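Subject: Structure handover

Hello,

Here is the structure for you to look over. My notes on what was found in it follow below.

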Amino acid sequence: MVTGTGAGLDGSPYQQYLYAYPHKTSYRALRPRPLLADVWHAEPRAALFLYLHVPFCEMRCGFCNLFTRANAPEEQVTAYLRQLRRQAGRVADALGADAGYARAAFGGGTPTYLTADELTELFDVATATGARLPGVPLSVETSPATATPDRLAVLAAHGTTRVSIGVQSFLDAEARAAGRPQRRAEVEAALAAIRDARIPVLNVDLIYGIDGQTAETWQASLDAALAWRPEELYLYPLYVRPLTGLGRRAHGRADWDTQRLTLYRQAVDTLGAAGYRQESMRQFRRADAPVPDGPDYCCQDDGMVGLGCGARSYTTALHYSFDYAVGVSQVRAVLDDYLARPADDFRHAEFGFALDDAEQRRRWLLKSLLRADGVDPTAYRARFGRSPVEDFPDLRRLVERGWAGEGGLRLTPDGLARSDAIGPWLTSPEVRAAMSGYVPR
């Protein structure tokens with residue numbers, strides 16, 4: 001039995017977005033630094049996920065706690081691409097000639113902060129690792145200001161199958177309230193350019209819970225997004241995190257949880273009526289959209305090879321990355337450190353978290369349970385030799401609350417709405433202890 005569940009279920013439904021497990025704030029310096037050739041030696045390497053991280057944006061949004069730098073000087077972008085190529089070469093050597101890639105993603109930051117010529121170079125770096133582009137599903141993140149026809153032409157020419165654009169709100173005043181000044185006309189022009197580029201999957205990100213947002217204004221954003229018939233939508237509850245623009249403001253409305261839950265349910269109803277299937281608390285896919293070519297987009301699976309200063313890599317027993325920061329000066333310091341490293345440093349893992357058997361079981365459970373389809377008990381038993389209910393008997397508490405059915409292995413609609421409380425509740429004491437020891441920087 002895997003014991004130990006974390007925070008209680010009776011608090012806020014918005015405790016933490018469990019994008020990946022273990023959380024990046026649980027990572028620590030690895031001493032001695034393991035060689036990547038040893039880390040990957042026993043791992044399946046025929047169908048890896050390649051992730052390239054571009055830590056640059058044209059602005060820093062008020063809600064953003066990602067590792068990124070706004071308006072980096074041109075010479076730093078040039079140096080970054082040069083260093084990324086060095087890292088890619090050393091990582092390819094460590095993984096060996098038999099490594100193959102089944103899918104890829106470019107994230108950030110904003111990859112399309114790069115010029116069209118720089119994006120071409122980025123693709124050249126990616127293919128140097130052995131990834132076939134075009135040839136495998138590729139997702140690229142963009143923004144309204146950088147989704148320009150010349151950049152999108154480069155993405156399309158290299159076989160990009162999915163573009164995700166962070167709109168957040170179609171109302172200019174709401175976007176400003178979220179710390180993202182933009183104009184509706186710019187957003188619509190970017191969406192038109194993406195559709196003109198004929199990239200198969202368009203994803204639109206929206207945020208609910210913004211100061212001043214109402215059911216009417218939220219509906220206006222939902223309707224504006226649906227007018228473009230995106231194949232996917234991701235809907236994010238607003239979080240106010242340390243060291244972000246919004247985190248430096250007073251933000252403590254007593255009714256905030258109620259507002260976010262109400263807007264979430266409104267969106268679920270609206271998107272369901274518009275023909276979208278809910279895949280998780282955040283992801284909605286148009287029911288008549290083409291079935292994804294290959295595995296569904298999900299950058300928290302094992303077998304992920306991350307390249308770049310803010311990228312994470314996932315093997316069965318070790319998750320690793322470079323150092324992590326949010327504050328402007330600290331981000332620049334970490335970025336400068338990355339750019340100054342000798343090439344052979346990239347043969348090693350720097351910061352990470354080692355997953356023992358219990359953490360591997362918990363990770364499998366979490367990344368399945370927080371999806372609408374829930375946990376596949378047959379697949380779990382095939383991997384671990386026991387049923388998930390035997391390993392996690394506390395799942396019955398979710399059933400008792402009406403938040404899960406099928407022995408606690410599949411969340412109900414009310415359970416999906418509380419994914420950001422269930423995830424922290426299932427986080428192990430060891431991971432929570434490591435996270436609590438992290439000092440935001």
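In helix α2, the buried residues are Q76, V77, A79, Y80, L81, Q83, L84, Q87, A88, V91, A94 and L95. Please keep in mind that this is a predicted model. The helix covers residues 74-95. With its 22 residues, α2 spans 32 Å from first to last C-alpha, close to the 32 Å expected at 1.5 Å a residue. Just after α2 comes G96, which has a positive phi of about 90°.

Helix α3 (residues 116-128) packs against α2 at an angle of about 10°, and the two axes are 10 Å apart. The cut-off for roughly parallel is an angle under 35 degrees, and α2 and α3 are therefore roughly parallel to each other. On the α2 side the contact is made by V77, L81, L84, R85 and A88, and on the α3 side by E118, E121, L122, D124 and V125. Sorted by class, this contact holds six nonpolar and four charged residues, and no polar ones.

Next, the nonpolar cores. The largest has 118 residues, and the members that touch the most others are L206, L235, L398 and I422. Helix α2 gives the most to this core, namely eight residues. A second core, separate from it, has five residues, among them I207, I210, L238 and W256. In soluble globular proteins, nonpolar side chains tend to be buried together.

Beyond neighbours within four places in sequence, L398 is in contact with L9, L369, W403, A404, L411, I422 and W425. Two of those partners, I422 and W425, are among the buried residues of helix α15. The others buried in α15 are S419, D420, A421, G423, P424 and L426. Eight of the eight residues in this helix (residues 419-426) are buried, so α15 is largely enclosed by the rest of the structure. These buried residues pack against β9 (232-237), α10, α13 (396-400), β17 (410-411), α14 (413-417) and α16 (429-436).

One charged residue to look at is R260, in helix α8 (residues 256-273). Is R260 buried or exposed? Buried means under 20% relative accessible area; R260 has 3%, so R260 is buried. Leaving out neighbours within four places in sequence, R260 is in contact with Y14, Y208, G209, P237 and L238.

D356 sits in the loop between β15 (351-354) and α10 (357-369). Its relative accessibility is 45%, so D356 counts as partly exposed. D356 and A215 are 141 residues apart along the chain, and their C-alpha atoms are separated by 45 Å.

Some backbone points remain. There is a cis peptide bond between Y21 and P22, with omega about -5°; P22 lies in the segment before β1 (28-29). Another cis peptide bond joins R31 and P32, where omega is about -5°; P32 is in the loop between β1 and α1 (36-39).

R229 is not a glycine, yet its phi is positive, near 50°. R229 is in the loop between α7 (215-226) and β9, and is partly exposed at 35% relative accessibility. E406, also not a glycine, has a positive phi of about 50°. E406 belongs to the loop between β16 (404-405) and β17, and is exposed, with a relative accessible area of 58%.

Regards

Note on methods:
Residues are numbered from 1 along each chain as its sequence is written. This is a predicted model: local features need pLDDT of at least 70, side-chain atom pairs count only at pLDDT 80 or more; totals for chains, interfaces and linings use all residues. Side-chain values use heavy atoms; hydrogens and water are left out. A nonpolar core is a set of buried Ala, Val, Leu, Ile, Met, Phe, Trp, Tyr and Cys residues joined through side-chain atoms within 4.5 Å. Buried means under 20% relative accessible area, exposed over 50%, partly exposed in between (1.4 Å probe, protein chains only). Helices (H or I, at least four residues) and strands (E, at least two) are DSSP runs, numbered from the N terminus. Contact means heavy atoms within 4.5 Å. The expected span of a helix is 1.5 Å times one less than its number of residues. Axes are lines fitted to C-alpha atoms, for helices over the stretch in contact, and angles run from 0 to 180 degrees between N-to-C directions. Angles under 35 degrees count as roughly parallel, over 145 as roughly antiparallel, 65 to 115 as roughly perpendicular and the rest as oblique. Ala, Val, Leu, Ile, Met, Phe, Trp, Tyr, Cys and Pro count as nonpolar, Asp, Glu, Lys and Arg as charged, and the others, Gly among them, as polar.
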